[in-house]
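Here is a short tour of one protein chain. Keep the sequence and the 3D view open as you read.

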Amino acid sequence: MDTKRAAWRVAKPVVLIAEELSPATVDALGPDFDVIHCDGANRSELLAALSQGVDAVLIRSATKMDAEAIAAAKGLKVIARAGVGLDNVDIAAATSAGVMVVNAPTSNIVSAAELAISLLLASARFISPAHAALRNGKWARSKYTGAELFEKTLGIVGFGRIGQLVAHRMQAFGMNVIAYDPYLQPARAAQLGVKLVDLDELLRTSDFITIHLPKTKETANLIGVEALKKVKPAVRIVNAARGGVLDESALYDAIVEGRVAGAGLDVYVSEPCTDSPLFTLDNVVATPHLGASTDEAQERAGIAVAVSVRKALAGELVPDAVNVKGGVIAQEIRPSLPLVEKMAQIATELLGEVPVHMDIAVKGEIAVHDSSILAISALKGALIAVGAEEVTYVNTPGLATERGMTSAVTTTADSPEYRSMISLRAATGSGKSMTVDGTLMGIKQTQKIIGIDSFSLDLAPSAHILFLQYLDQPGVIGTVGHTLGQAKINIAGMQVGRSAAGGKALMALSVDSDVSDDLLATIKRETSAESVRAVVLVD
């Protein structure tokens, strides 16, 4: 462990590099830091180094920055993970201690795309079993007859950054590429020469399928028993994204029964995975989660987090912070970032479509400050609402561009009813739009939703909100309360806005738990509401 420091260095911020990183990482830090090293996998050595007093620590996957390590590092400001995953960082403990956590969310996208393509090619040509047979002294040339990619249809499930890289590369092989992504604008896919289709059509028509989705409640086992009944028997399926999106048990049955020709796998529902029955099949090629395991990806990750550390310790905005929305933003604007995120989530959920554009109007006293960051806040909130994974201030602009989403901020000193307020108008590609108004009240800067379209409200945004749009009539409030009560769902607060007695009305209820789709349907039926939506707000 290198803890030697000259007296003239004391004034410099101290950066601890706890694992082997590329020389380019240190170069990217620059000369303004006192850099020390330790073996982060050695627990006692790590704790001793942290206790010396460091401002930032750079790690990869072997160093565990848990609550004990964070507590040992008095004065620690930044934990930087040179990679995407953060399983070895206790984010809650870091946040509680006021420590920023940053990673490198875009560092591995090329490596991940190339591995998916490698698995696709290896599956198509039986590379793995043919190689194993040759090493065992068998010239099994006739046994391993594969399939060409030329003029075949590749179906990409999830058309984000990695999916788009795969599409571009596979088009060079002469493949026809189609994609399924409910949150991408068709015009963006068309620019890339790719046709957006629904999932059923993709399953029916694809000769090869590659998955590039995060694992969420909605995508868990998306390619499962029923989906695998719809595919061609000659299809080959690749999953180098997240374990659990592809049902491994259902895939095994489909391959054994001849309903799927083969598969390429890099990720698994439980990792490390060394004993899957899929590994016994000749027509399955498998790797141990190697998507980010290239020298280039590791170097990009190191450089990215070094730049983030430099910015953080200089007090600048760090867009890829996963737990802190700080930076050089006016103190008067900072409380508005989470408010605007929630306003965008509400607008997106109520519209039921991804917005293509959002206008954020900043009004009143705070309008004199630079509020341009709120354009990113709005996009971030909308992306969260549509299920994008690991959305941060660094990847929000890129994710939004992929989906054809834009935003803009305007300011005006005019705010007749409030000292300061923000209006967010979201518009979709189908022509629908919605305006959500918000403000921050009192010394504590309490978040409030004060309007949705023409309806006035006074709603503190909570984790679970139920919205009903209906025709104002007696009994609706009682019916809703009774139905929720029967389902053991507690109402924490309620607001009703209406255009006029007997006219259109909007009810907003803060509740303590999720409201199921079946219960939403029941409420809609019993109240004759125009629409009933449950919104789950994510901080």
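The report below goes from domains to sheets, then to cores and single residues.

## Domains

This is a predicted model. The chain is divided into four parts: domain 1 (12-105 + 295-312), domain 2 (107-284), domain 3 (328-460) and domain 4 (461-538). Domain 1 is written as two stretches, 12-105 and 295-312.

How far apart do the C-alpha centres of domain 2 and domain 3 lie? The separation is 38 Å. The two domains do touch: eleven residues of domain 2 are in contact with twelve residues of domain 3. The size of an interface is often given as the accessible area lost when the parts come together. For domain 2 and domain 3, that buried area is about 1000 Å². Carbon and sulfur atoms account for 50% of it. On the domain 2 side, Arg161, Tyr183 and Gln185 lose the most area to domain 3. Together these three make up 55% of what that side buries.

## A parallel sheet

Start with five strands. They form an open sheet in the order β2-β1-β3-β4-β5, with parallel pairing. The edges are β2 (34-37) and β5 (100-102). Each has a single partner strand, so one side of each is left without a neighbour in the sheet. From one strand to the next, the twist averages 20°.

Now look at one pair inside this sheet. Strands β3 (residues 56-59) and β4 (residues 78-81) run parallel and are joined by four bridges. Leu58 stands opposite Ala80 in β4. Helix α11 (residues 295-313) lies across β1 (14-17), β3, β4 and β5. The helix runs at about 165° to β4.

## An antiparallel sheet

Another open sheet has four strands, in the order β20-β21-β19-β22. Here the pairing is antiparallel. Which strands stand at the edges? They are β20 (491-498) and β22 (531-536), and each pairs on one side only. The twist averages 15° from one strand to the next.

Strand β19 (residues 464-471) and strand β21 (residues 504-511) run antiparallel, with eight bridges between them. One position to find is Leu468, whose bridge partner in β21 is Met507. Two helices pack on this sheet. Helix α12 (residues 336-351) touches β19 and β22, and its direction makes about 145° with that of β22. Helix α15 (residues 476-486) touches β19, β20 and β21. The direction of α15 makes about 30° with that of β21.

## Nonpolar cores

The largest nonpolar core has 46 residues. Ile346, Met358, Leu374, Leu424, Ile452 and Phe467 touch the most other members. Helix α12 gives the largest share, nine residues. The core draws at least three residues from each of domain 3 (328-460) and domain 4 (461-538).

What does Phe467 touch, leaving out residues up to four places away in sequence? Its contacts include Ile346, Leu350, Ile452 and Leu459. Leu506, Met507 and Ala508 are also among them. So are Ser531, Val532, Arg533 and Val535. Apart from the largest core lies another core, of 30 residues. Leu202, Leu203, Leu251 and Ile255 are among its members.

## Lys524

Lys524 is found in helix α16 (residues 517-527). Is Lys524 buried, partly exposed or exposed? Its relative accessibility is 39%, so Lys524 counts as partly exposed. The cut-offs for that class are 20% and 50%.

Leaving out residues up to four places away in sequence, Lys524 touches Ala529, Glu530, Ser531 and Val532. Lys524 and Gln469 are 55 residues apart along the chain. Their C-alpha atoms are separated by 9.5 Å.

## Backbone details

A cis peptide bond joins Glu271 and Pro272, with omega at about 0°. Pro272 lies in the loop between β11 (262-265) and β12 (284-286).

Two other loop residues have a positive phi without being glycine. Asn221 has phi near 55°. Asn221 is found in the loop between β9 (208-211) and β10 (236-239), and is partly exposed, with a relative accessible area of 42%. Gln445 has a phi of about 55°. Gln445 is found in the loop between β16 (433-441) and β17 (446-452), and is also partly exposed, with a relative accessible area of 33%.

Key:
Residues are numbered from 1 along each chain as its sequence is written. This is a predicted model: local features need pLDDT of at least 70, side-chain atom pairs count only at pLDDT 80 or more; totals for chains, interfaces and linings use all residues. Side-chain values use heavy atoms; hydrogens and water are left out. Two strands pair if DSSP finds at least two bridges between them. Axes are lines fitted to C-alpha atoms, for helices over the stretch in contact, and angles run from 0 to 180 degrees between N-to-C directions. Contact means heavy atoms within 4.5 Å. A nonpolar core is a set of buried Ala, Val, Leu, Ile, Met, Phe, Trp, Tyr and Cys residues joined through side-chain atoms within 4.5 Å. Buried means under 20% relative accessible area, exposed over 50%, partly exposed in between (1.4 Å probe, protein chains only). Domain bounds come from an automatic or database domain assignment. Buried area is the accessible area (1.4 Å probe) that two parts lose on being put together, summed over both.
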